[in-house]
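The exercises below ask you to read burial, ring pairing and nonpolar packing from a single model. Please work each task on the structure before turning to its solution.

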Amino acid sequence: MVDMDSLSISDAPPRGPPQPSPQLPPQMFTTAAQLLDLTDKKLMVVLRDGRKLVGILRSWDQFANLILQSTIERIFAPVSDSDGSEPPKGYYADIAHGIFLVRGENVLLLGEIDLDKDDDAPPGFELADLEEVKMLAEKKKAADKIKEKARLKKLAKIGFEGENLGDSGF
């Protein structure tokens, strides 16, 4: 066996059969092939734009593009800010989409749905009318945007610069 620490650039390469590289444990497998275990299972997929999809994973490719079947989009509208001591209170509604193609670059997070709890409402949320939930969610989003703009202005005043600090339309 050759001691790799004692080699220099001028040394000849070692002779003999190449040593096999050690196998990585399965949890280190980070390619799209990891989706194989999730095929034909019910998943929740959180997209980069904040949307949440629930559907059955039917197919995927090397870019982690996903085909979901029986897909619903779940919209949440919290009506009170939680201080962390209790779950948020609010409403949710579902929009049926059927078969849905998700580009892999838009996936932020995905996970398997526990089928034993699938029929339960999310903790702290009640099912409500879709239009009402959409309206509440838009109000919350607008209020959060105003808060974020004020926060960024304060940061800019004390000298912090970031990618959104110069945007007037943020």
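**Exercise 1. Decide whether Ala64 is buried, partly exposed or exposed, and state where it lies and what its phi is.**

Ala64 has a relative accessible area of 24%, and it is therefore partly exposed, where buried means under 20% relative accessible area, exposed means over 50%, and partly exposed falls in between (1.4 Å probe, protein chains only). The model is a predicted one, in which local features need pLDDT of at least 70 and side-chain atom pairs count only at pLDDT 80 or more, while totals for chains, interfaces and linings use all residues. Residues are numbered from 1 along each chain as its sequence is written, and side-chain values use heavy atoms, with hydrogens and water left out.

As to its place, Ala64 is in the loop that runs between strand 2 and strand 3, helices (H or I, at least four residues) and strands (E, at least two) being DSSP runs numbered from the N terminus. Its phi is near 65°, which is a positive value in a residue other than glycine. Asp40 also has a positive phi, near 70°, and Asp40 is placed in the segment before strand 1.

**Exercise 2. Describe the order of secondary structure elements and the overall burial of the protein.**

Six strands and one helix are present, and along the sequence they follow the pattern β-β-β-β-β-β-α. Of the 170 residues, 19% are buried. The accessible surface comes to about 13000 Å², with 56% of it belonging to carbon and sulfur atoms; such areas come from the Shrake-Rupley method with a 1.4 Å probe, and for residues only the protein chains shown count as cover. Turning to contacts (heavy atoms within 4.5 Å), 58% of those between residues at least 6 apart in sequence join residues at least 24 apart.

**Exercise 3. Find the aromatic pairs, classify their geometry and say which elements they tie together.**

Begin with the rule: rings of Phe, Tyr and Trp (its six-membered ring) pair if their centres lie within 6.5 Å, with planes under 30 degrees apart counted as stacked, over 60 as edge-to-face and the rest as tilted. By this rule there are two aromatic pairs. In one of them, Phe76 and Tyr92 stand 6.3 Å apart, centre to centre, with 35° between the planes, and the pair is tilted. Since Phe76 belongs to strand 3 (residues 66-80) and Tyr92 to strand 4 (residues 89-102), this pair ties together parts that are 16 residues apart in sequence.

Next consider burial: Tyr92 is buried at 8% relative accessibility, whereas Phe76 is partly exposed at 23%. Phe76 also pairs with Phe125, and because the ring centres are 5.1 Å apart and the planes at 75°, that pair is edge-to-face. Phe125 lies in strand 6 (residues 125-127) and Phe76 in strand 3, so here the parts tied together are 49 residues apart in sequence. Phe125 itself is buried, at 13%, and the ring pairs thus link Phe76, Tyr92 and Phe125 into a cluster.

**Exercise 4. Identify the largest nonpolar core and the elements that contribute to it.**

A nonpolar core is a set of buried Ala, Val, Leu, Ile, Met, Phe, Trp, Tyr and Cys residues joined through side-chain atoms within 4.5 Å. The largest one holds eleven residues, among them Leu35, Leu43, Val45, Leu53, Leu68 and Phe100. Two or more residues each come from strand 1 (42-47), strand 2 (52-60), strand 3 and strand 4, and strand 1 gives the largest share, namely three residues. In soluble globular proteins, nonpolar side chains tend to be buried together.

Leu68 shows the packing in detail: setting aside neighbours within four places in sequence, its contacts include Val45, Leu53, Leu57, Phe100 and Val102. A second, separate core of seven residues includes Ala77, Ala93, Val133 and Leu136.

**Exercise 5. Compare the burial of Thr71 and Ile67.**

Thr71 is found in strand 3 and is buried, at 1% relative accessibility. With residues up to four places away in sequence not counted, Thr71 touches residues including Leu53, Val54, Ile95 and His97. Ile67 is likewise found in strand 3, but at 31% relative accessibility Ile67 is partly exposed.
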